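Biologist: Before we talk about this chain, could you take me through it slowly and tell me what the words used to describe it rest on?

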Amino acid sequence: MTSIAGLPDFLLYLGMAALLTGLYLVVYTFATAHNELALIRRDVTAASVSLGGSLVGFALPLAVAIYNARSVLDCLVWGLVALVVQVGIYWLVRLVLPDLSRRIEEDRMAAAVLLGAASLAGGVVNAASMTY
């Protein structure tokens, strides 16, 4: 039975990751000036690309936080740091492209790819920074 001895910890951290990811999606979609889910339901590819990039950009540092966590609280704190960083990346890209949300709503892929790439790049750097 030693093969499943770590199951309780696995479930705890998996649950924490699910909760943090859900929180991330709620916070991120409220922080943006456009409604990603409504746009995705209308088949606006640009919204899917930008939200997908930001979701992966959040998941990368979250995975590193889980791997390096000394406790569930430690994981929670670093997961929240990852959330704040990703929202900050959206706002930084919006400084460069003030009409970012309008472009995404109009399904203009250049803006969506830029936001997705910035989110991924930020997530990779954020994850690497958590390898203390």
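Modeller: Let us begin with a word we shall need, for two residues are in contact when heavy atoms of theirs lie within 4.5 Å. Please keep in mind that this is a predicted model. In this sense of the word, and leaving aside its neighbours within four places in sequence, glycine 123 is in contact with Gly57, Leu60, Pro61, Gln86 and Ile89.

Biologist: Why is glycine 123 called buried or exposed, whichever of the two applies?

Modeller: Glycine 123 lies in helix α6, which covers residues 109-129. Its relative accessible area is 0%, and because a residue counts as buried when that value is under 20%, glycine 123 is called buried. In the protein chain of 132 residues, buried residues make up 38%.

Biologist: What is the overall make-up of the chain, in helices and strands?

Modeller: The protein chain has six helices and zero strands, so that, by the definition of these elements, its pattern read along the sequence is α-α-α-α-α-α. Its C-alpha atoms fill a box of roughly 55 × 30 × 20 Å, taken along the principal axes.

Biologist: Where does UniProt place the feature "transmembrane region"?

Modeller: According to the unreviewed UniProt entry, that feature is at residues 12-32, 44-64, 76-97 and 109-129. In the model, residues 44-64 are 95% helix and 0% strand, with end C-alpha atoms 31 Å apart, while residues 76-97 are likewise 95% helix and 0% strand, with end C-alpha atoms 32 Å apart.

Biologist: What makes α3 roughly parallel or roughly antiparallel to α4?

Modeller: The axes of α3 (residues 45-68) and α4 (residues 72-96) come within 9 Å and cross at roughly 155°. Because angles over 145 degrees count as roughly antiparallel, α3 is roughly antiparallel to α4. The crossing of these two helices is right-handed, and the residues of their contact divide into nine nonpolar, five polar and one charged. Among those that meet are Gly57, Phe58 and Pro61 in α3, and Trp78, Gly79 and Gln86 in α4.

Biologist: How do you know which way α1 runs relative to α4, roughly parallel or roughly antiparallel?

Modeller: Here the axes of α1 (residues 7-31) and α4 come within 10 Å and cross at roughly 25°. Because angles under 35 degrees count as roughly parallel, α1 is roughly parallel to α4. This crossing, too, is right-handed, and the residues of the contact divide into 17 nonpolar, two polar and no charged. The residues that meet include Leu20, Leu23 and Tyr24 in α1, and Leu80, Leu83 and Val87 in α4.

Biologist: Why is aspartate 43 called buried or exposed, whichever fits?

Modeller: Aspartate 43 lies in the loop between α2 (36-41) and α3. Its relative accessibility is 63%, and because exposed means over 50%, aspartate 43 counts as exposed. Although it is not a glycine, aspartate 43 has a positive phi of about 70°.

Biologist: And what makes aspartate 107 partly exposed?

Modeller: Aspartate 107 is found in the loop between α5 (100-105) and α6. Its relative accessible area is 32%, and because partly exposed covers values between the limits of 20% and 50%, aspartate 107 is called partly exposed. Its phi is near 60°, a positive value in a residue other than glycine.

Terms used
Residues numbered from 1 in each chain as written. Predicted model: local features only at pLDDT ≥ 70, side-chain atom pairs only at ≥ 80, totals over all residues. Heavy atoms only, no water. UniProt positions renumbered as here; feature names shortened; annotations may be inferred. Helix = DSSP H or I, 4+ residues; strand = E, 2+ residues; numbered from the N terminus. Axes fitted to C-alpha atoms, helices over the stretch in contact; angles between N-to-C directions. Parallel < 35°, antiparallel > 145°, perpendicular 65-115°, else oblique. Left-handed = near helix turned anticlockwise from the far one by under 90°. Nonpolar A, V, L, I, M, F, W, Y, C, P; charged D, E, K, R; others polar. Buried < 20%, exposed > 50% of the residue type's maximum accessible area, 1.4 Å probe, protein only.
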